[in-house]
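Thanks for coming. I have one structure to go through today, and I will put it on the screen now.

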Amino acid sequence: MRAGPNSREAAAERRTRIHVVSDVHGNTEALARAGDGADALVCLGDLVLFLDYADHARGIFPELFGVENADRIVALRTERRFEEARDFGRELWAGVDRNAAIVAAVRKQYAEMFAALPTPTYATYGNVDIPTLWPEYARPGTTVLDGERVEIGGRVFGFVGGGLRTPMRTPYEISDEEYAAKIEAVGEVDVLCTHIPPDVPELTYDTVARRFERGSRALLDAIRRTRPRYSLFGHVHQPLVRRMRIGATECVNVGHFASTGTPWALEW
């Protein structure tokens, strides 16, 4: 984080700078630098790397089952052959304590990534995260929010984590009703921070995976109704459009962190 002001005058004139990241997916080295030059870091989830679709040798899945099997499951999912992918996965997991193996691997990743988070960090969960483990690793200086608000530099930020239910069945997928209730609980804010995007085709289509990810209709309705200055989100790694306006709101996909290692900056 950047150094503080040297005088009252500097404190009064100094602008606030926030760095925002999402979809970290195991990029711990870049995460440790993500707060450099900022007053705070905002993290919108997906710390865990289960399987890297760009490099099939990285992640929990290839560590357990090898790169060749990772190649196959990526191909099946990319072709939207989800039933075949699930059948293949069941074959691989046969005789393995799936929950124990995944939790052990996630714990290892969380220990490294939460230790890398700067102070202060404001974070919410992604759809591949395991929220029940976060209290064990979030240190003082890291504030975890989900369906909650916080003031940063005089502006109100609202946070809603997780994703909606999909055939992928990732760990933190919830019903549309539960998600909408969290959006409603946040209410009117200056900056609306979520893991998934609003349900707009240009923002939900992944050009590499060649499929639409699930966006939230409740989030889209809230943007139109409450008109926050910004809607920040990730989840879609290679979106058709990274930035667009919905009415008065600037909608920005910040979900490129795993590949670029560069946070998105918001300053006022």
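I will go from the overall fold to the core, then a pocket, then some backbone details.

First, a caution: what you are looking at is a predicted model. The secondary structure of the protein amounts to 11 helices and 15 strands. With a radius of gyration of 19 Å, close to the 18 Å that the globule rule gives for 268 residues, the protein is as compact as a globular protein of that length. Along the principal axes, the C-alpha atoms fill a box of roughly 65 × 35 × 30 Å. Of the 268 residues, 53% are buried. If you take the contacts with a separation of 6 or more, 58% of them join residues 24 or more positions apart.

Now the inside. Which residues touch the most other members of the largest nonpolar core? They are Val21, Val24, Leu31, Leu47, Val106 and Tyr110, in a core that has 58 residues. Helix H6, residues 98-116, gives the most to this core, contributing 9 residues. A separate core has 20 residues, including Ile152, Tyr230, Leu232 and Val252.

Take Val24 as an example from the larger set. Beyond its neighbours within four places in sequence, Val24 is in contact with Leu31, Cys43, Gly45, Asp46, Leu47, Met113, Phe257 and Ala258. Two of those partners, Leu31 and Leu47, are also on the list of residues that touch the most other core members.

Next, a pocket. The second largest one holds about 200 Å³ of space. What lines this second largest pocket? The lining consists of Gly26, Thr28, Leu49, Arg58, Gly59, Ile60, Glu63, Ala105, Lys108, Gln109, Glu112 and Met113. By type, that lining divides into 4 nonpolar, 4 polar and 4 charged residues. Helix H3, residues 60-65, and H6 each supply at least two of the lining residues. The largest share comes from H6, with 5 residues. So H6 turns up twice: H6 gives the most to the largest nonpolar core, and H6 has the largest share of this lining. Met113 also appears twice, as a contact of Val24 and as part of the pocket lining.

On to the backbone. The peptide bond from Thr119 to Pro120 is cis, with omega near 0°. Pro120 sits in the loop between H6 and strand S3, which covers 121-123.

There are also two arginines to look at for their phi angles. Arg80 has a positive phi, near 60°, and is not a glycine. Its place is the loop between helix H4, 67-78, and helix H5, 82-93. Arg169 is not a glycine either, and has a positive phi of about 55°. That residue is in the loop between strand S7, 163-164, and strand S8, 173-174. Are these two buried or exposed? Arg80 is partly exposed, at a relative accessible area of 46%. Arg169 counts as exposed, at 61% relative accessibility.

Last, the start of the chain. Arg2 lies in the segment before helix H1, 8-13, and counts as partly exposed at 27% relative accessibility. Setting aside residues up to four places away in sequence, Arg2 touches Arg14, Arg15, Thr16, Arg17, Gly37, Ala38 and Asp39. From Arg2 to Met244 is 242 residues in sequence and 30 Å in space, C-alpha to C-alpha.

That is the end of my part.

Notes
Residues are numbered from 1 along each chain as its sequence is written. This is a predicted model: local features need pLDDT of at least 70, side-chain atom pairs count only at pLDDT 80 or more; totals for chains, interfaces and linings use all residues. Side-chain values use heavy atoms; hydrogens and water are left out. A nonpolar core is a set of buried Ala, Val, Leu, Ile, Met, Phe, Trp, Tyr and Cys residues joined through side-chain atoms within 4.5 Å. Buried means under 20% relative accessible area, exposed over 50%, partly exposed in between (1.4 Å probe, protein chains only). Helices (H or I, at least four residues) and strands (E, at least two) are DSSP runs, numbered from the N terminus. Contact means heavy atoms within 4.5 Å. On a 1 Å grid over the protein atoms alone, a cavity is a set of points where a 1.4 Å probe fits but cannot get out, and a pocket is an open set with protein on both sides within 12 Å along at least five of seven lines; lining residues have an atom within 4 Å of a point. Grid points are joined across faces, edges and corners, and a volume is the space filled by probe spheres set on the points. Ala, Val, Leu, Ile, Met, Phe, Trp, Tyr, Cys and Pro count as nonpolar, Asp, Glu, Lys and Arg as charged, and the others, Gly among them, as polar. The radius of gyration is taken over C-alpha atoms; the globule rule is 2.2 Å times the number of residues to the power 0.38.
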